[in-house]
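Reader: I am new to this structure and would like a close look at a single part of it. Please take the disulfides and describe them in turn, along with whatever lies beside them.

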Amino acid sequence: MTTPIMAVLILLVGVLTAGCAAETSPSPSASTSPSSASAEAAPPTPKASPSPSSAPAAAPVEEPAPAAVPAPEAAPATVAVAAAEPAAAPAASKYPLHSNIVSTTFWVGEIFNANLADGSQVCSTYNGQWAFQHTGINAGTTPDSASGCPGSIYGGCDGVSSGSGSSFACATEARDASNGYFPKNQPAPLENPFYLDLPYDDINDSVAFQQRCQVIPWAAADNAATGGDHCADGSYSYMKNHWVQMTGPNGNVCYGQIEDAGPSSGSEYHDANYVFGAADARPANADFSADGTQGAGMDVSPALNGCLGFAELDGSGDHVSWRFVDRSAVPAGPWLNVETTSGVS
């Protein structure tokens, strides 16, 4: 019995030894055959591997993080700003610049020379009742026998008034930004205190009237906007109320509306070469200037005198650069507090 039992025990020991050898065999295989191990492990890699190569697989989680949606939201804001900036620039630059032009100062109600037909600002070339419509003040009527502005209501003054009747006087005054360059000694004006003139009268000067629709750059657009051809209409002005951009001695850029015609040496109220030309010509007028190289080419109001930083309150030595602008190109400023819209009267 002992021998068979021993034989059985020997067989059992052999079986157990073989089983242990079978369980420990994968370890040496993985270490000596890595390529095989990689091949076997490849299928689960996209799910379990944290390596950088698997990062794109996590795109569904990371795509919202870069915020693909906000990018389109920011784009419209950029486009809106870009569209708003050029809106005024083309309107300002499509008209030629007139540089280093002598400008004097004039004002509503001023009597420059009572012996001249155009020596009073009680009326303007476009408005027989300019002083009254600008201020609303009626201190009497200029006699029909008067050289300047016969039949016009006087008393309105864009400055400091004194006297009455034939002794009425209207002096200018310094203006500053404290009240938007508005009058300091008169009621608030009913029309724009930022006014000016240029030597082109497209109503009363026969040459200017005849050629105006050929030389005034905005005449065709004005006809289209108003729905009628006014070229032959003697009661319609393309110049009145149009806007002008000016840069003064102090570097300020200010804006004003055309409300009269001048300055002029007698009859030069059709100076198209200077007013509309692109060659920066000097004015045909040779007077009213302290600059020996040129005559005055513009008159500006007291408000513009202050805004542009003129050295003289009522002189003839200040220079400006100017160009026409369309109404759409006029920026916010004190020149828009009261805008003149009245036509020829």
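**The disulfides and the helix beside one of them**

Author: Cys231 has a relative accessibility of 23%, so this cysteine counts as partly exposed. The model is a predicted one. Cys231 is bonded to Cys213, with 2.0 Å between the two sulfur atoms. The torsion about their S-S bond is -105°, a left-handed link. Cys213 belongs to helix H8, while Cys231 sits in the loop between H9 and strand E7 (243-247), so the bond ties together parts 18 residues apart in sequence.

Helix H9 (residues 219-226) comes before that loop. Its buried residues are Ala219, Asp222 and Asn223. Viewed down the axis of H9, these residues fall within an arc of 100°, so they line one face of the helix. They pack against helix H8 (206-215), the helix that holds Cys213. On the face of H9 turned away from the buried side are the exposed residues Ala220, Ala221, Ala224 and Ala225. Just after H9, Gly227 has a positive phi of about 75°.

H9 also takes part in the second largest pocket, giving four residues, the largest share of the lining. This pocket holds about 420 Å³ of space. Its lining has 22 residues, and those nearest the centre are Asp222, Tyr236, Lys240, Asn241 and His242. Asp222 is also one of the buried residues of H9. By class, the lining is made up of eight nonpolar, nine polar and five charged residues.

The structure has four disulfides in total. Another of them joins Cys123 and Cys149, whose sulfur atoms are 1.9 Å apart. Cys123 lies in the loop between strand E1 (98-105) and helix H7 (130-135), and Cys149 in the loop between strand E2 (138-141) and strand E3 (153-155), so this pair ties together parts 26 residues apart in sequence. The torsion about the S-S bond is about -80°, so this disulfide is left-handed. Cys123 and Cys149 are both buried.

Cys157 and Cys170 form a disulfide as well, with sulfur atoms 2.0 Å apart. Cys157 is in the loop between E3 and strand E4 (160-162) and Cys170 in strand E5 (residues 169-171), so the parts tied together are 13 residues apart in sequence. Here the torsion about the S-S bond is about 85°, so the disulfide is right-handed. Cys157 counts as buried at 1% relative accessibility, and Cys170 is buried with a relative accessible area of 10%.

When the bonded cysteines of the protein chain are numbered in sequence order, the pairing reads 1-2, 3-4, 5-6, 7-8.

Definitions and conventions:
Residues numbered from 1 in each chain as written. Predicted model: local features only at pLDDT ≥ 70, side-chain atom pairs only at ≥ 80, totals over all residues. Heavy atoms only, no water. 1 Å grid on protein atoms, 1.4 Å probe; cavity = no way out; pocket = protein on both sides within 12 Å on 5 of 7 lines; lining within 4 Å. Points joined across faces, edges and corners; volume = space filled by probe spheres on them. Helix = DSSP H or I, 4+ residues; strand = E, 2+ residues; numbered from the N terminus. Nonpolar A, V, L, I, M, F, W, Y, C, P; charged D, E, K, R; others polar. Buried < 20%, exposed > 50% of the residue type's maximum accessible area, 1.4 Å probe, protein only. Arc of directions from axis to C-beta. Contact = heavy atoms within 4.5 Å. Disulfide = S-S within 2.5 Å.
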